[in-house]
Every structure is written in structure tokens, then in C-alpha cells.
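Biologist: Could you take me through one part of this protein up close? I'd like to hear about the nonpolar core, and who sits in it.

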Amino acid sequence: MKRDTQVLGWRLRRRRIAAVMALLALVAICLHLNTMRLPWHGAIAAERAAPAANAQLARYQATEQAKPVIGIRDNLSGLTYSPHTHTLFAVINRPPSVAELNTRGELLRLMPLEGADDPEGIAHIDGNWFAIADERRNRIHWVEIMPEGRQVVLSQAQSLALGDTEIKNFGVEGLSWDGQRRQLVAVTEKWPMQVLRISLPAFAPGTGASPSVTVKSWEPADPTGLPTTDLASVEVDPRTGNLLLLGEESSVLYEYDRNGDLAGLMPLWAGESGLERTIPQPEGVAMDGAGVLYLVSEPNLFYRFEKRS
């Protein structure tokens with residue numbers, strides 16, 4: 001009888017272990033599906049993208065790809081182009097830093113970002129002024145980065161709080177400046193995934209005045225929403241005003257016109273746009289006034305795309 005009881009107890013324990021293992025496997029599958037690259041999102045988006053006269057992305061080809069940025073080991077994130085210096089600026093979240101690069105992806109200087117927790121986005125505003133997004137704090141700071149500067153300090157910087165987030169690592173993920181509309185465009189990664197237009201009609205950084213802002217959510221014209229599972233970065237095309245949205249999980253760059261219609265897209269996959277390999281973890285996108293497109297990918301990879309004639 002005792003032996004039968006032991007056998008029964010062993011069988012029950014084995015069934016419990018099997019049930020726990022099955023549950024863990026199911027959770028792993030769900031997490032994998034949620035974070036894996038989803039190329040069919042790009043295919044679905046391609047069917048929804050209508051030809052547009054000012055659509056640009058289909059004509060781009062990689063001229064620099066998977067180039068390691070020497071001097072940066074990891075965590076290369078948001079990206080912006082400054083027409084004032086004709087250089088690129090990126091943020092690094094660990095350790096918090098701002099990097100200046102030339103347009104060939106070579107590091108010019110690396111500056112500690114004092115007072116930041118989790119910088120993910122950066123946007124050039126005017127002159128030496130930039131906006132930097134701290135994702136964990138869900139706050140945007142305005143900072144002046146001088147040509148001879150060796151560090152950037154947020155403690156005394158003007159800032160804008162966008163409110164608490166339920167999940168601390170899902171605040172503002174990317175930033176861009178729309179100079180024509182005098183708006184910051186901010187994206188949050190997911191939960192919720194959203195695009196925000198922050199109007200700053202009379203704000204001048206460096207004056208000490210608190211910015212008077214209007215924050216509105218941007219939605220695509222298609223009622224089914226955005227054809228991506230996340231948003232890693234955003235850029236406003238300085239020539240057309242079109243919105244470029246970067247999906248990290250799908251590894252696709254989406255282009256929306258001013259009416260909110262999907263005008264085009266650029267899959268960042270092997271065999272597309274001259275890419276030899278799929279961009280592994282695209283995190284930042286920027287465009288200069290001539291339309292040259294720049295991307296950075298973790299851990300420290302640089303890409304440059306130019307439009308075919």
C-alpha cells in the first residue's frame with residue numbers, strides 16, 4: 001500500500017512538472033512571436049501602400065552598411081542630422097552619452113550625458129539646440145551642445161514631462177523636429193504604440209520660459225492602424241514633410257504622407273535596397289536636406305542610403 005502511494009505521488013509530481021514545462025514553453029513561444037522579426041508585416045504594408053508622387057523610399061540603395069562605429073561598443077540608439085554642423089548626433093543609453101558622427105559613420109566625439117536615466121531619442125531643433133528623450137522618465141529635455149563641448153548636462157535643462165507610464169521602459173522612444181510646423185514628433189515603442197505631435201508655436205529654447213505646448217495623437221488614415229508591432233524611431237522628411245516611422249521588430253521603414261496615407265516603405269532585409277544582410281536591430285533614423293538617409297542599429301552599426309536617379 002505504501003509503495004502504491006509512493007508511485008501515485010510520483011506520477012502526480014511528474015504530471016505537475018509536465019504541466020509547468022508546457023506552460024513555460026507556451027510563454028516562451030508567445031514572447032518569441034511578440035519579439036521576432038515579422039517580415040509579413042512588411043508584405044501586408046506593401047499591399048496597403050498606394051503609389052504617391054512624393055514617395056521616396058523605394059528608390060534608395062545602401063551605400064554604407066553594417067559599418068561598426070569605432071569607439072562605441074554597444075547601445076547605439078536615436079539619431080538626428082544637424083544642418084548647422086553637417087554632422088549626425090546619436091544617443092547611447094548605457095552609459096548615457098551623446099555621440100557626434102560624420103556622415104560616413106565615423107565618431108567625432110563622445111560626450112557623457114549627465115542626469116539622464118535612459119536616453120533613447122534625439123532631435124536637432126536649431127543651431128546648437130537639441131531635444132533629448134529620456135524614455136524611463138518619459139521626459140523631453142532641451143539642451144545646447146556646443147562645438148567644443150565635452151559633456152551634456154540635463155540637470156538645469158528645460159524639460160517637458162509627458163506623464164507617467166505604466167511600464168517604465170516604454171516611454172518616449174524616438175524624436176524628430178518638424179520645422180515647417182514647429183512640432184516635435186515623438187513615438188512610444190508599444191503598450192501603447194503611438195505617435196505624438198507636440199506643437200511649440202512660440203517656444204525658444206534657452207530663454208528659461210516653460211514651453212507652452214499642445215500634444216495631439218497622430219493616427220494613420222487607414223482605420224486598421226499601423227502595420228508594425230513596435231516603433232523604434234521617427235524622422236520628418238525635411239523636403240516633403242512626410243513621416244518616416246521605423247519598426248524595429250519588423251525591420252521596416254514606413255513612409256506616411258501629410259494626409260496620413262501609407263505612401264511607401266523600405267524593408268531593411270537582405271536582398272532589399274542593396275542590403276547584403278538584414279539590419280539586426282534598427283534603432284535610429286535620420287535624413288539630411290539632400291535626402292540622404294542614415295540608420296543606426298545596435299550594438300554599434302551604421303548604415304547610409306542614397307536615392308537612385
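**A look inside the core**

Modeller: Sure, and let's come at it from the outside. This is a predicted model, and the protein exposes about 14,900 Å², with carbon and sulfur atoms supplying 54% of that. Of its 309 residues, 50% count as buried. In soluble globular proteins, nonpolar side chains tend to be buried together.

Now for the part you asked about. The largest nonpolar core has 18 residues, and the ones that touch the most other members are Leu253, Met266, Leu268, Leu293, Leu295 and Phe305. Which strands chip in two or more residues? They are S1 (60–68), S16 (243–247), S19 (282–287), S20 (293–297) and S21 (301–307). S21 gives the largest share, three residues.

Let's zoom in on Leu293. Leaving aside residues up to four places away in sequence, Leu293 touches Leu57, Tyr60, Leu244, Leu253, Met266, Val285, Ala286, Met287, Tyr303, Arg304 and Phe305. Contacts between residues far apart in sequence show up across the protein, too: of the contacts with a separation of 6 or more, 53% are between residues 24 or more positions apart.

And there's a second, separate core, made of 17 residues, with Leu160, Val172, Leu175 and Leu200 among them. As for the overall layout around all this, the protein has two helices and 21 strands.

Notes:
Residues are numbered from 1 along each chain as its sequence is written. This is a predicted model: local features need pLDDT of at least 70, side-chain atom pairs count only at pLDDT 80 or more; totals for chains, interfaces and linings use all residues. Side-chain values use heavy atoms; hydrogens and water are left out. Helices (H or I, at least four residues) and strands (E, at least two) are DSSP runs, numbered from the N terminus. Buried means under 20% relative accessible area, exposed over 50%, partly exposed in between (1.4 Å probe, protein chains only). Contact means heavy atoms within 4.5 Å. Accessible areas come from the Shrake-Rupley method with a 1.4 Å probe; for residues, only the protein chains shown count as cover. A nonpolar core is a set of buried Ala, Val, Leu, Ile, Met, Phe, Trp, Tyr and Cys residues joined through side-chain atoms within 4.5 Å.
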